[in-house]
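Colleague: I would like a close look at a single part of this model, the protein surface next to the DNA. Please go through it strand by strand and then place it in the chain that carries it.

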Protein chains: 2
Amino acid sequence: MQSRTPAPRATGRPRNAKADAAILAATREALVELGWSKLTLGDVAMRAGVAKTTLYRRWAGKNELVVDAVAELFDELRLPDRGTLAADIEGVVLQFAAILARPEAKSGLMAVVAESIRDDALRERIRESIVDRQKRLVLEGRARAQRRGELPAETDPGEAARTVDLIFDVVAGAVVHRTLVSAEPADEEWVRSFTRVLLLGLSGASQAP
Amino acid sequence: MQSRTPAPRATGRPRNAKADAAILAATREALVELGWSKLTLGDVAMRAGVAKTTLYRRWAGKNELVVDAVAELFDELRLPDRGTLAADIEGVVLQFAAILARPEAKSGLMAVVAESIRDDALRERIRESIVDRQKRLVLEGRARAQRRGELPAETDPGEAARTVDLIFDVVAGAVVHRTLVSAEPADEEWVRSFTRVLLLGLSGASQAP
DNA sequence: CCATTACGCTACGACTCGTAGCGAAAGCTC
DNA sequence: GAGCTTTCGCTACGAGTCGTAGCGTAATGG
């Protein structure tokens with residue numbers, strides 16, 4: 001989770017473990033109050049009660065710090081077992097929407113994604129910390145639905161991987177766009193409509209190649 | 001398109017009309033070379049061959065300037081008439097993907113959307129300049145498909161509006177997520193798969209309420 | 001006790017921001 | 001052409017942030 005995790009040495013004064021949590025919490029607090037553009041590392045350091053230099057010793061810069069601070073928000077994502085694929089999808093999408101409704105997630109996530117366009121290392125960091133963790137939910141959900149018989153077992157593994165990627169882009173993209181661009185809540189009614197379209201599209205697409 | 005369009009006065013020295021175009025072009029050029037975070041208004045002014053003060057007289061700040069610069073990229077979006085709804089959708093999605101593949105669009109769009117979270121006026125500006133212009137394509141496409149008989153005529157206008165919003169969030173969100181977060185090209189193969197899922201989902205959803 | 005590392009603090013040059021003030025330029029009306 | 005109005009280019013400025021260097025001190029392990 002930390003920036004470098006510089007192979008914890010056996011000798012020397014150990015890092016203050018509480019400082020990491022305090023800094024990340026202070027970062028989220030600053031994101032809520034100030035937003036991305038007005039957030040400064042000096043301000044975060046003051047909120048966390050550490051020196052600015054300590055912050056720079058642990059993180060390379062604002063981008064990396066905010067990625068870690070936002071990534072913690074997505075740790076609470078779980079795949080519920082509600083009995084049917086539709087209900088499972090609705091549940092996880094609602095969780096995702098609830099996280100994205102929080103101002104610290106909105107402010108931070110889009111900004112670091114924008115920065116990642118010109119920073120491959122940052123994009124990889126985002127992928128590891130945030131994106132891949134959600135994609136696992138799609139994989140689990142599909143496997144569970146196949147066990148239930150709600151989805152046909154995949155034959156071509158390459159095709160299956162492409163389908164998972166497609167689903168992920170559609171789900172995450174739609175919720176993000178609804179929440180951040182359209183600025184409308186992804187509430188239960190919207191999620192229900194969206195899930196119906198997605199499920200019909202997927203079952204139909206696999207039936208008629 | 002300009003920032004203020006301050007009710008063009010009949011008296012006084014008129015604004016240099018070419019300066020606007022030069023500034024917006026310089027902004028896109030700087031977005032490509034520097035990206036959002038390293039783009040400075042002083043640099044843009046130098047590229048455009050105008051004084052920095054002139055730039056501040058026409059735009060309130062970096063956000064508004066970049067919105068206008070990016071908005072021009074979306075002016076070329078057209079709804080092709082390829083005979084079928086599926087082909088029409090594929091065509092417009094491919095155009096959208098082509099625009100988003102350009103680095104000036106990537107760098108600028110996500111950044112201003114991120115900023116718009118804490119700036120309602122900026123979000124409204126984005127909506128007017130970029131979002132609503134695309135949403136019109138969805139409306140036209142649906143109307144055309146209904147004339148062809150590919151989609152049933154809508155009964156409840158409120159329900160129809162919600163459906164259009166849903167389609168728009170799904171299409172734009174999926175393409176943006178694919179291009180910017182997954183960092184994979186939205187090429188013909190992907191667009192074909194996506195369109196199939198979307199169409200099956202929509203026709204099925206309207207058949208079975 | 002000593003080597004090693006982390007920490008808090010101060011200070012620093014470099015950079016960007018957004019604005020103010022100035023004289024000159026370019027249009028309109030009379 | 002005279003006079004008015006607005007824009008333009010230029011310079012300068014205080015304020016704020018960045019990221020780093022240097023220093024003395026604190027906290028571990030050998």
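Modeller: The residues of the surface near DNA strand C divide into seven nonpolar, 10 polar and seven charged. The model is a predicted one, and that holds for every value below.

In total, 24 residues surround DNA strand C. The closest are Arg13(A), Thr53(A), Thr54(A) and Arg58(A), together with Tyr56(B), and this list takes in residues of chain A and of chain B. As for what the protein meets on the nucleic acid side, 60% of the atoms of DNA strand C within 4 Å of the protein belong to sugar or phosphate, and the rest belong to bases.

Some polar contacts go to the bases of this strand. The side chain of Thr53(A) has an N or O atom 2.9 Å from a base nitrogen of DNA strand C. In the side chain of Arg57(A), an N or O atom is 3.1 Å from a base oxygen of DNA strand C. Arg13(A) also has a base oxygen of DNA strand C as its partner, at 3.1 Å, but here the protein atom is a backbone N or O. For Arg13(A), then, the atom in this pair is not one of the side chain.

In terms of secondary structure, three helices each supply at least two residues of the surface near DNA strand C: α3 (52–58) of chain A, and α2 (41–48) and α3 (52–58) of chain B. The most comes from α3(A), with four residues. Thr53(A) and Arg57(A), whose side chains make the base contacts just described, fall within the 52–58 range of α3 in chain A.

DNA strand D can be read in parallel. It is surrounded by 23 residues, of which the closest are Tyr56(A), Arg13(B), Thr53(B), Thr54(B) and Arg58(B). By class, the surface near DNA strand D holds six nonpolar, 10 polar and seven charged residues. Sugar or phosphate accounts for 64% of the atoms of DNA strand D within 4 Å of the protein, with bases making up the rest.

The contacts to DNA strand D involve both chains. From chain A, Lys52(A) has a polar side-chain atom 3.2 Å from a base oxygen of DNA strand D. From chain B, Arg57(B) places a polar side-chain atom 3.0 Å from a base oxygen of DNA strand D. Asn16(B) addresses the backbone of the strand instead: one of its polar backbone atoms is 3.0 Å from a phosphate oxygen of DNA strand D.

The helices that each give at least two residues to the surface near DNA strand D are α2 (41–48) and α3 of chain A, together with α3 of chain B. Here α3(B) gives the most, with four residues.

Next, the chain behind this surface. UniProt, in an unreviewed entry, places the feature "domain: HTH tetR-type" at residues 23–67 of chain A. That span is 73% helix and 0% strand, and its end C-alpha atoms lie 13 Å apart. The ranges given above for α2 (41–48) and α3 (52–58) lie inside residues 23–67, whereas Arg13(A), one of the closest residues to DNA strand C, is numbered before the start of the span.

A further feature from UniProt, also from an unreviewed entry, is "domain: Tetracyclin repressor-like C-terminal", listed for residues 79–195 of chain A. The span is 79% helix and 0% strand, with 15 Å between its end C-alpha atoms.

Chain A as a whole comes to nine helices and zero strands. Its C-alpha trace spans about 60 × 40 × 35 Å along the principal axes. Of its 209 residues, 52% are buried. Among contacts in chain A with a separation of 6 or more, 66% are between residues 24 or more positions apart. Chain A exposes about 10000 Å², and carbon and sulfur atoms supply 52% of that area.

One backbone detail lies outside the DNA surface. Ala183(A) has a positive phi of about 60° although it is not a glycine. Most residues other than glycine have a negative phi. Ala183(A) is found in the loop between α8 (157–181) and α9 (188–207) of chain A, and its relative accessibility of 31% makes it partly exposed. In chain B, Ala183(B) also has a positive phi of about 60°, sits in the loop between α8 and α9 of that chain, and is partly exposed at 32%.

Conventions. Residues are numbered from 1 along each chain as its sequence is written. Chains are lettered from A and ligands numbered from 1 in the order in which they are written. This is a predicted model: local features need pLDDT of at least 70, side-chain atom pairs count only at pLDDT 80 or more; totals for chains, interfaces and linings use all residues. Side-chain values use heavy atoms; hydrogens and water are left out. A residue is near a molecule or strand if one of its heavy atoms lies within 4 Å of it. A polar contact is a pair of N or O atoms within 3.5 Å; within protein, one must be able to donate a hydrogen and the other to accept it, and residues adjacent in sequence count only if both atoms are side-chain atoms. Ala, Val, Leu, Ile, Met, Phe, Trp, Tyr, Cys and Pro count as nonpolar, Asp, Glu, Lys and Arg as charged, and the others, Gly among them, as polar. UniProt positions are given in the numbering used here, feature names are shortened, and annotations may be inferred rather than shown by experiment. Buried means under 20% relative accessible area, exposed over 50%, partly exposed in between (1.4 Å probe, protein chains only). Contact means heavy atoms within 4.5 Å. Accessible areas come from the Shrake-Rupley method with a 1.4 Å probe; for residues, only the protein chains shown count as cover.
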